[in-house]
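Here is a walk through one model, helix by helix and then out to the cores, the holes and a few odd backbone spots. Have the structure open as you read.

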Amino acid sequence: MSENLQDQACWLLLTYESGLNSRIISEIVVSWCDQLNRSLQEFFVTDPQVWKDTCHLSASTVEKLEQARAKLAGQAFLIEQLNHNHIHLLTLLDDNYPHLLKTSLKHDQAPPVLFYAGDLRILERQTIAIIGSRKAGEESLAFTRTVSSYLAEHGANIISGNARGVDRSAYEGATSTAEGCTTVVLPHGIRKLSGVQWRALLTKIEAGKVLLLSQFHPDAQWVVSRAMERNKVVTGLAQIVIVAESDTEGGTWAGATGALRQNRPLYVRDTASSSALPGNKALIELGGHPLPWPTEQLADVLSSILGKNAVLRQVKDDEPARPGQLSLFAGSGE
């Protein structure tokens with residue numbers, strides 16, 4: 001096995017097999033990898049006393065790491081299987097790890113590892129997340145298909161979470177256009193897709209239209225907590241977030257309010273009826289920009305959003321780096 005794949009196996013050990021929480025994992029990565037400029041492969045062949053002294057780890061943490069180290073061969077085999085299936089791995093230290101994700105989340109919330117299938121260059125496009133309920137009404141789904149189709153046709157990368165309802169409509173709208181692209185962020189392990197789901201995605205992945213991402217162990221099952229964690233990545237990857245339909249609690253609400261805290265531009269479908277979609281109304285009151293629907297001027301509104309975002313991106317690209325901004329987690333969000 002190549003040295004790079006061996007190091008990737010060590011990232012799996014630390015992230016998924018150590019039993020350590022995200023804060024301790026983050027501290028190890030910062031202390032060992034970022035500050036000492038040493039690899040995790042070197043970490044796992046080092047004497048545990050060095051771990052303790054260098055990273056200031058407790059005895060119980062060191063014990064967990066020693067137990068994890070015994071599983072290295074299994075993780076190396078998993079990496080080889082993933083590569084055989086054209087599934088790749090990104091770590092926080094990789095240059096092509098999504099910068100927006102790293103800077104939008106707390107340093108201990110950015111996933112240490114991302115599994116992906118597809119072309120990472122899709123993330124170089126304008127990124128717009130469309131979020132909403134799995135039980136959204138037909139009007140919300142029609143809104144989602146129309147908006148995602150228009151934005152994708154005009155060069156945006158549509159990000160969604162691979163659930164029923166709004167997520168599915170966003171995917172369908174984005175991929176319905178000839179040049180449309182979308183990033184699908186899974187709420188479970190990348191190997192937990194069914195054969196039917198994988199085959200349906202594969203043709204679009206190979207065509208360069210779909211990028212598949214997962215922050216979870218490849219064999220992790222769907223659970224509610226993972227779906228909520230996935231939502232942070234969906235909005236963290238996005239420069240703009242659009243809400244099709246939200247309640248005043250639940251995953252969409254958490255994602256939308258989180259986007260506001262991350263200072264993401266938030267646009268919310270607005271209806272003429274004051275009693276409809278109370279979650280949407282509440283988000284507008286919190287600072288979300290209303291997107292009237294139905295409307296004959298939707299294309300004008302969406303083209304304006306794309307134009308404003310392009311200007312904002314250019315301004316940020318032209319800003320000089322602040323002192324210390326090149327460190328691993330500089331500029332991290334709340």
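## Helix H6 and its two sides

In this predicted model, the buried residues of H6 are Gln75, Ala76, Leu78, Ile79 and Leu82. Look down the helix axis and these buried residues sit within an arc of 155°, so they line one face of H6. What do they pack against? Helix H1 (3–17), strand S1 (88–91) and strand S2 (113–117) are the partners for the buried residues of H6. Turn to the face directed away from that buried side and you find the exposed residues Ala73 and His84.

The length of H6 checks out too. The helix has 13 residues, 72–84, and at 1.5 Å a residue it should span 18 Å; the end C-alpha atoms are 19 Å apart, which agrees.

## Just past H6

His86 comes just after H6, in the loop between H6 and S1. It isn't a glycine, yet its phi is positive, about 60°. Most residues other than glycine have a negative phi. Is His86 buried or exposed? With 58% relative accessibility, and the cut-off for exposed being over 50%, His86 counts as exposed.

## Helix H8

H8 runs over residues 138–153, which makes 16 residues and an expected span of 22 Å at 1.5 Å a residue; the end C-alpha atoms are 22 Å apart, so expectation and model agree. Its buried residues are a mixed bunch: Ser140, Leu141, Phe143, Thr144, Val147, Ser148, Ser149, Tyr150, Leu151 and Ala152. After H8 comes Gly155, with a positive phi near 100°.

## Two nonpolar cores

In soluble globular proteins, nonpolar side chains tend to be buried together. Here the largest nonpolar core has 71 residues, and the members touching the most other members are Leu14, Phe43, Leu65 and Leu212. H1 gives the most to this core, with 7 residues.

Leu14 is a good place to start clicking. Setting aside neighbours within four places in sequence, Leu14 is in contact with Leu20, Ile25, Ile28, Val29, Leu40, Phe44 and Leu65. Apart from this core lies another one, of 24 residues, and among them are Ile128, Phe143, Leu291 and Ile305. Phe143 is also one of the buried residues of H8.

## A cavity and a pocket

How many cavities of 30 Å³ or more are there? The count comes to 1, and the largest cavity has a volume of about 40 Å³. Its lining is made of Ser160, Asn162, Ala163, Asp167, Arg168, Tyr171 and Val184. Helix H9 (residues 166–175) gives the largest share of that lining, 3 residues.

For something roomier, try the second largest pocket, which holds about 740 Å³ of space. It is lined by 30 residues, and the closest to its centre are Gly132, Ser133, Arg134, Ala163 and Arg230. Ala163 therefore turns up in both linings, that of the cavity and that of this pocket. Strand S3 (127–132), H9, helix H11 (224–236) and helix H12 (251–261) each supply at least two lining residues of the pocket. Which helix supplies the largest share of the lining? That is H11, with 7 residues.

## Loops worth a look

Gly288 lies in the loop between helix H13 (278–285) and strand S9 (289–292). With a relative accessible area of 6%, Gly288 is buried, the cut-off being under 20%. Leaving out neighbours within four places in sequence, Gly288 is in contact with Leu260, Leu266, Val268 and Leu283. Gly288 and Pro265 are 23 residues apart in sequence, while their C-alpha atoms are 7.5 Å apart in space.

Asn263 is found in the loop between H12 and strand S8 (266–270). Its phi is near 65°, a positive value in a residue other than glycine. Asn263 is exposed, with a relative accessible area of 69%.

Finally, check the peptide bond between Trp293 and Pro294: it is cis, with omega about 0°. Pro294 is found in the loop between S9 and helix H14 (298–318). Most peptide bonds are trans.

Definitions and conventions:
Residues numbered from 1 in each chain as written. Predicted model: local features only at pLDDT ≥ 70, side-chain atom pairs only at ≥ 80, totals over all residues. Heavy atoms only, no water. Helix = DSSP H or I, 4+ residues; strand = E, 2+ residues; numbered from the N terminus. Expected span 1.5 Å × (residues − 1). Buried < 20%, exposed > 50% of the residue type's maximum accessible area, 1.4 Å probe, protein only. Arc of directions from axis to C-beta. Contact = heavy atoms within 4.5 Å. Core = buried A, V, L, I, M, F, W, Y, C linked by side-chain atoms within 4.5 Å. 1 Å grid on protein atoms, 1.4 Å probe; cavity = no way out; pocket = protein on both sides within 12 Å on 5 of 7 lines; lining within 4 Å. Points joined across faces, edges and corners; volume = space filled by probe spheres on them.
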